[in-house]
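User: Could you walk me through how to read the interface between two domains?
Analyst: Happy to; let's put the structure up and begin.

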Amino acid sequence: MHSYHFDTRLVHAGERPADRAGWSSATPTSAPIHASTTYLYPTAEALDEAFAAGGDRAVYTRWGNPTVQALEAAMADLEGGRGAVACGSGMAALYLALLAAGTPRGATEPHPRHILASHDLYGTTETLLRDFFAAQSVTVSYCDMSDPAQTKAAIRERRPDVVLLESLSNPLLKWADVEAIAHYAHEADARVIVDATLSTPILHRPIEQGADIVVHSATKYLSGHADATGGLLVARTGLLLDTARRYAIQLGMILGPFEARLISRGIKTLGLRVRRQCESAMTIAQALHTHPRIRRVIYPGLPDHPQHNLMSLHTCGLFGGLISFELTEATREAAFAFINRLRLILPATSLGDIYSLITYPPISSHRELSDAERAAHGIGEGLLRLSVGIEDAHDILADIEQALAD
Ligand SMILES: Cc1ncc(COP(=O)(O)O)c(C=O)c1O
């Protein structure tokens, strides 16, 4: 599909061979849901041949399922990677990415030595690093990856083998310069994993900037309708792809065909949804910026955001659909009261849906961190995160204003 513009590929990628010569009679327009766990071949020789093709032919669904493969093909095309592996959730994809990136070239088992991670990560990613890597003697260190000079120094001094960051961080919305970080990391022979859940392929495609692996929680913008949980890993090289695929098969970290279909369907409208969410988020952030009951609005589209210019350069002026803000009365009680007064915006613990959602990070995305850890990250008691949906921006804003006014 690579000859088409990006929005065309969003609609058609992965569904069926682009070339009519590859169609059989009655080729389905959209990839059907293949619920079968096993696939039949007329002879034992043909079955042996299918097995030998690895995950490329349908044999047994943990090895590869045609509906899931359609989603993987679409994501590989959109992100510009060699291939993709779909998993049961974003966390599974992140774990798989860390295992694959931490497998030395020529080795068959994961052996990460030092993971250099961004200071600003989703809470469960941070506890994954602590409980599954640091606890098994992997060195895990942190730096502020929105600061390229600090990141360069950390990579040169600490010589990590894996670098992990979020392109746009959750919930403080710090933007990272993936191209610069990938350059410094590759100088040190480290591999770079970018969790691009918040930026989506509409804003930014990290493999084009040098990342080795891109991860998405497909539960968010990619599916977009609060009805599917999944994760995707896209690898830049065949070696990383094969390693991730092998671990996914061994660990059973696969996605079911029904969820795969929902996510594939969500991807078709990703461009329409995300652009509208960006536009509405800008309108709402500008309006809240001067509100007397709000101490600080964090939105990269506002000129006072520290990475405003850099992000604008990388994302062609799109700044995402999330806004974080701190109430002037920075207490848990005030945050709870605000959430309880909202009528349209839903208090659901997610982001990237068609519905506008409000989240209070201390009880949700960063619940597993201690008060001190949250404070060290700049996540205060008055911080709320709004995920702007596709409703009319005036209705979303009016709901916030009435909840602040009470
Ligand atoms: C940035 C980011 N990465 C990964 C995840 C994990 O995704 P999932 O809930 O699909 O496992 C989340 C979940 O909120 C997230 O916000």
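**Reading a domain interface**

Analyst: Across the interface of domain 1 and domain 2, 16 residue pairs are in polar contact, both at pLDDT 80 or more. A polar contact is a pair of N or O atoms within 3.5 Å; within protein, one must be able to donate a hydrogen and the other to accept it, and residues adjacent in sequence count only if both atoms are side-chain atoms. This is a predicted model: local features need pLDDT of at least 70, side-chain atom pairs count only at pLDDT 80 or more, and totals for chains, interfaces and linings use all residues. Residues are numbered from 1 along each chain as its sequence is written, and side-chain values use heavy atoms, leaving out hydrogens and water.

User: Which elements give two or more residues to the side of domain 1 that touches domain 2?
Analyst: Helices (H or I, at least four residues) and strands (E, at least two) are DSSP runs, numbered from the N terminus. Here the elements are α5 (123–133), α8 (200–203) and α10 (257–268). The largest share, 5 residues, comes from α5.

User: How many salt bridges are there between domain 1 and domain 2?
Analyst: A salt bridge is a side-chain nitrogen of Lys or Arg within 4 Å of a carboxyl oxygen of Asp or Glu. The count between the two domains is 2. Arg 130 pairs this way with Glu 373, their closest N and O atoms being 3.9 Å apart.

User: And where do the domains run?
Analyst: Domain bounds come from an automatic or database domain assignment. For this protein chain, that gives domain 1 (6–268) and domain 2 (272–405).
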